[in-house]
Amino acid sequence: MRFDILTLFPEFFSSPLNQSLLGKALAKGVLSVNTYNIRDFTTDRHRTTDDSPYGGGHGMVMKVEPVVRALEALRSDCAGARVILTTPQGVPLTQALAGELSREERLIIVCGRYEGVDERIRAFVDTEVSLGDFVLTGGEIAALALIDSVGRLVPDVLGEPGSAAHDSFSDGLLEYPQYTRPEDFRGQMVPPVLLSGNHAEIERWRRIESLKRTFKRRPDLIEKAVLTEAERRLLKETAG
Ligand code: JF8
């Protein structure tokens, strides 16, 4: 899978993308990421990428022409690429959306800066994506999160095949508590069931812990999760 990133800060991406899992996938050639500096697609002497908003107001707006010229330069060699714009107004990035995007051959990600982008850029975008309801200074961090979450779902990127199937959220619930050595850390003990060797018991314990944790921390997820009748009853009893 190929990612093309349009940004005013191409250097922003080099260190994160050269680390660990994603770095290995890039080295293997399973994934590729190219960055393009939007400033290289300006045509004026000052290489201007922002301007003040029509109608007044504070801050600056990212100009439409450099972004669209960059998109057109890319598009000529890749008709059919899906164009993503990272903005706080986009659809939230979820595991389901990451899965959908991981089945694309090629993604072009436009990263905004300043107080936002000229509205007319949106006519050249297929999907607007937001990282969540908080404010970033630009679209780069959102683009990195998207590349990371989408990239790891591309076949042959993760070490073991199918390990993405066991992710948090893959069944709509939060992950159960995990432990590794030592058995006793300053009096905090590993739950005995995990040392029992009884795999059916362990599976049951993990499922219940996942349910309890999700119910407590993310009740919004419980409504959408696929639960058995017995599990719904269990949660009702826990609540009451
Ligand atoms: C931006 C360009 C974002 N979840 C999110 N919060 N803030 C942003 C974001 C994205 C682009 C720009 N400011 C200027 C903020 C996303 N995605």
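**Exercise 1. Backbone contacts to the ligand**

Find how far a backbone N or O atom of Thr87 lies from a nitrogen atom of the ligand, and then look for other residues that approach the ligand in this way.

*Solution.* Keep in mind that this is a predicted model.

Step 1. Start at Thr87: one of its backbone N or O atoms is 3.3 Å from a nitrogen atom of the ligand. A polar contact needs a pair of N or O atoms within 3.5 Å.

Step 2. Go on to Leu131, where a backbone N or O atom is 3.2 Å from a ligand nitrogen atom.

Step 3. Finish with Gly132, which has a polar backbone atom 2.9 Å from a nitrogen atom of the ligand.

Step 4. Now consider how the ligand is covered. Taken alone, the ligand exposes 390 Å², and the protein buries 95% of that.

**Exercise 2. The shell around the ligand**

Describe the residues around the ligand: which come nearest, and how do they divide into nonpolar, polar and charged?

*Solution.*

Step 1. There are 17 residues around the ligand, and those that come nearest are Thr86, Tyr114, Gly132, Phe134 and Leu136.

Step 2. Sort the shell by character: eight residues are nonpolar, eight are polar and one is charged.

Step 3. Trace the shell back to the strands. Both β5 (82–92) and β7 (127–130) supply at least two residues each, and the largest share, three residues, comes from β5.

**Exercise 3. The sheet behind the site**

Work out the strand order of the open sheet, and explain why one side of β2 and of β7 is left without a neighbour.

*Solution.*

Step 1. Write down the order of the five strands: β2-β1-β6-β5-β7, with parallel pairing.

Step 2. Look at the edges. β2 (32–37) and β7 each have a single partner strand, so one side of each has no neighbour in the sheet.

Step 3. Add the twist, which averages 30 degrees from one strand to the next.

Step 4. Zoom in on β5 and β7, which pair in the parallel sense over five bridges. Here Val91 stands opposite Val129 in β7.

Step 5. Place the helix: α5 (residues 140–151) packs on the sheet and touches β1 (2–7), β2, β5, β6 (106–111) and β7. The direction of α5 makes about 160 degrees with that of β6.

**Exercise 4. Two backbone details in loops**

Locate the cis peptide bond from Arg181 to Pro182, and the residue other than glycine with a positive phi near 55 degrees.

*Solution.*

Step 1. The bond from Arg181 to Pro182 has omega near 10 degrees. Pro182 sits in the loop between α5 and β8 (184–185).

Step 2. The positive phi belongs to Arg47, found in the loop between β2 and β3 (50–51).

Definitions and conventions. Residues numbered from 1 in each chain as written. Predicted model: local features only at pLDDT ≥ 70, side-chain atom pairs only at ≥ 80, totals over all residues. Heavy atoms only, no water. Near = heavy atom within 4 Å. Polar contact = N/O pair within 3.5 Å; in protein donor to acceptor, adjacent residues only side chain to side chain. Areas by Shrake-Rupley, 256 points an atom, 1.4 Å probe, with all protein chains shown as cover. Helix = DSSP H or I, 4+ residues; strand = E, 2+ residues; numbered from the N terminus. Nonpolar A, V, L, I, M, F, W, Y, C, P; charged D, E, K, R; others polar. Pairing = 2+ DSSP bridges. Axes fitted to C-alpha atoms, helices over the stretch in contact; angles between N-to-C directions. Contact = heavy atoms within 4.5 Å.
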